[in-house]
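I opened a fresh page for this one and went through it a stop at a time. Here is what I looked up, in the order I looked.

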Amino acid sequence: MKEKAFKERIIYQIYPLSFCDSNNDGYGDINGIISKLDYLKDLGIGIIWLSPIYKSPLKDNGYDISDYYSINPIFGTMEDFDNLIKEANKRDIKIVMDLVINHTSNQHYWFKEALKDKNSKYRDYYYFRKGNGKKPPNNWNGAFSGSCWEKVEGEENMYYLHLFTKEQPDLNFHNEEVVKEIENILKFYLDKGVYGFRCDVINDIYKTSLDNGKFRFFSRGKEHYENQEGCFNTLLRFRKEVLNNYDTFLVGETSAITPKMGNKFLSSGALDLFFEFDHAFCMSNKFVPIFKKRKFKAKYLLKPLFKWQEVVPWIGAYLENHDQLRSVSRFGNTSKYYKESAKALAMLLLSLKGTIFIYQGEEFGTLNYQDLIYEETNDCMTKEVVNTVQNILHLSKDKAFKLVNETVNRDHARAPIAWDNTINGGFNLGHKPWIKVNSLYKEGINVKDNLNDSNSILNFYKEMIRFRNNSDTLKHGEFIKVKSNSNLAKFIRKTNKETLLIVINLSSKVIKDKENNNIKILLSNYKDHIKDKLRPYEGIIYKVN
Ligand code: TEU
């Protein structure tokens with residue numbers, strides 16, 4: 001039986017602002033994406049997920065939508081978008097959109113009407129509430145720190161709810177009309193030929209109550225909106241009213257998900273797959289992510305990653321996205337074993353169970369910025385968190401920024417993609433990009449130099465992707481963890497036809513690992529092999545007879 005496309009194909013995430021700027025205005029655009037479709041085809045990916053391209057004032061780079069039915073002019077027009085779907089289809093590539101429905105932009109027509117007229121029907125599209133004496137309606141604070149409530153100008157003691165920035169007011173999913181609006185948006189894009197949706201902060205959309213939350217530094221109040229019954233029901237409603245009529249799928253961005261809830265999302269049919277974040281936050285303090293930047297050890301990453309591989313039948317597997325630091329900078333080696341470690345991470349990612357997500361730039365080992373300063377930062381979250389840290393710890397702006405920049409600054413993932421070693425890394429023809437270029441493009445960290453080097457990270461990605469695309473075992477086999485040295489990722493992928501053993505050294509030490517005589521090497525990131533030993537960041541896929 002042929003599985004659904006999202007279970008067969010690798011998904012590549014594009015952050016459109018930074019992908020390719022075809023008209024040299026400093027912002028990536030749809031025509032830029034079209035110009036790189038052959039590159040993506042050649043890479044071996046079968047689905048593109050586009051971070052938001054809708055009309056937006058870009059306070060949170062598009063995760064603040066002001067019109068779901070139009071394309072932000074900096075990216076192009078609706079015609080360009082239709083053309084993208086057409087051109088992608090020609091190459092058998094499917095397009096997935098980002099669905100941001102927890103909140104809209106404060107520039108959305110609905111919110112503007114709600115502000116303008118207390119009696120407008122749009123008032124109840126959001127959460128407007130009276131303050132509690134001189135205080136906001138409750139004690140919730142947002143994902144980016146600070147209160148979740150903003151005072152409404154010109155109204156006595158009135159506030160509105162926003163889990164993210166104050167420019168992102170939360171929608172009210174108790175309101176039937178809001179649910180219908182979203183169903184119409186889904187239909188609109190599915191009818192255009194969009195294949196599926198990545199659903200932003202989807203397990204937060206339904207606020208069961210607005211009672212005070214338990215004490216927490218971030219996301220106080222979340223017990224009232226995370227993974228609520230109403231969220232499942234809303235998604236099942238979308239399924240029944242719209243999604244069941246199409247060949248489509250939903251992947252949920254589900255922060256703070258538990259195995260029990262993850263399984264419930266899958267078994268109820270509310271989501272087809274989801275992202276967990278335990279491994280993404282494996283290096284940070286649970287309560288205050290900017291603290292305790294511990295030195296990386298393989299087990300920090302592998303423990304949560306493998307736990308999730310074991311407890312759910314399917315998952316969205318990733319090491320990077322537009323909200324995370326670059327994976328080689330976090331989990332790999334940025335000096336002597338740079339290439340080896342990037343390839344080791346590639347092997348790890350592409351051998352996992354579930355749908356694999358590759359984030360733009362990951363495929364050629366893009367690293368974090370080395371020299372970003374506060375004044376050059378764009379990320380709204382970083383700015384809010386720096387502000388909070390300054391206030392609480394009485395640090396200077398630069399000191400606070402240093403802490404935040406090394407742990408959570410999302411800009412590291414958002415630098416323009418380096419296509420070659422010409423000006424601005426070939427992102428465009430020389431116009432100053434919306435965000436600083438990562439200067440490492442001059443040192444070979446760009447697509448063209450990678451393509452020209454048979455031993456490059458990019459060429460290893462291609463090999464590994466090809467291997468996975470042709471391997472039913474990697475795509476559909478069981479995942480079984482193998483006990484081993486804590487610096488090794490050692491696991492089996494298995495169907496009733498074939499067993500593969502994957503062993504990857506995620507350290508710069510040489511590690512002894514006794515091999516069985518019954519195994520044959522299928523793929524490796526080193527050219528040769530030393531029996532019973534794994535060199536720094538050496539990874540091997542064996543076939544077990
Ligand atoms: O991210 C949600 C989310 O959980 C983030 O706040 C995350 O904790 C943070 O980025 C730290 O890495 C989604 C989008 O992916 C993000 O870009 C948006 O800013 C956010 O929702 C609001 O829409």
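**Entry 1: the ligand.** Before looking at the ligand I wrote down my cut-off: a polar contact is a pair of N or O atoms within 3.5 Å. I also noted that this is a predicted model.

With that in hand, I started at His322, where a polar side-chain atom lies 2.9 Å from an oxygen atom of the ligand. For the ligand taken alone I found an exposed area of 490 Å², and the protein buries 92% of that. I then looked at His103 and read 2.9 Å between a polar side-chain atom there and an oxygen atom of the ligand. For Asp323 the distance from a polar side-chain atom to a ligand oxygen atom is 2.5 Å.

Next I asked myself which residues come nearest to the ligand. Out of 16 residues around it, they are Asp60, Asp200, His322, Asp323 and Arg410. Sorting the shell by class, I got 7 charged, 5 nonpolar and 4 polar residues.

**Entry 2: the domains.** I pulled up the domain assignment, which splits the chain into four entries. Domain 1 is made of 8-103, 176-373 and 411-464. Domain 2 covers 109-161, domain 3 covers 374-408, and domain 4 covers 477-544. I took the centres of domain 2 and domain 4 over C-alpha atoms and got a separation of 55 Å.

**Entry 3: Asn106.** I found Asn106 in the loop between β5 (94-99) and α5 (109-116). Is Asn106 buried or exposed? Its relative accessibility is 18%, and the cut-off for buried is under 20%, so I logged Asn106 as buried. Setting aside neighbours within four places in sequence, I listed its contacts as Phe111, Lys112, Lys166, Glu167 and Pro169. Its side chain also makes a polar contact of 3.3 Å with the side chain of Gln107. Out of curiosity I checked Asn405, 299 residues apart from Asn106 along the chain, and the two C-alpha atoms are separated by 27 Å.

**Entry 4: positive phi values.** I stopped at two residues here. Asp92 is not a glycine, yet its phi is positive, near 60 degrees. Asp92 sits in the loop between α4 (78-90) and β5, and I noted it as partly exposed at 43% relative accessible area.

Val201 is also not a glycine and has a positive phi of about 30 degrees. I placed Val201 in the loop between β9 (196-199) and α7 (229-241). With a relative accessibility of 7%, Val201 counts as buried.

**Entry 5: two strand residues.** I looked up Val251 in strand β10 (residues 249-253) and read 0% relative accessibility, which counts as buried. What does Val251 touch, not counting residues up to four places away in sequence? I wrote down Phe197, Arg198, Cys199, Leu271, Leu273, Phe274, Phe275 and Phe357. Gly316 is 65 residues apart from Val251 along the chain, and their C-alpha atoms are separated by 7.5 Å.

My last stop was Ile519, in strand β18 (residues 519-524). At a relative accessible area of 17%, Ile519 is buried. Not counting residues up to four places away in sequence, Ile519 touches Tyr542, Lys543 and Val544. For Lys543, 24 residues apart from Ile519 along the chain, I read a C-alpha separation of 5.5 Å.

Note on methods:
Residues numbered from 1 in each chain as written. Predicted model: local features only at pLDDT ≥ 70, side-chain atom pairs only at ≥ 80, totals over all residues. Heavy atoms only, no water. Domains from an automatic or database assignment. Helix = DSSP H or I, 4+ residues; strand = E, 2+ residues; numbered from the N terminus. Buried < 20%, exposed > 50% of the residue type's maximum accessible area, 1.4 Å probe, protein only. Contact = heavy atoms within 4.5 Å. Polar contact = N/O pair within 3.5 Å; in protein donor to acceptor, adjacent residues only side chain to side chain. Near = heavy atom within 4 Å. Areas by Shrake-Rupley, 256 points an atom, 1.4 Å probe, with all protein chains shown as cover. Nonpolar A, V, L, I, M, F, W, Y, C, P; charged D, E, K, R; others polar.
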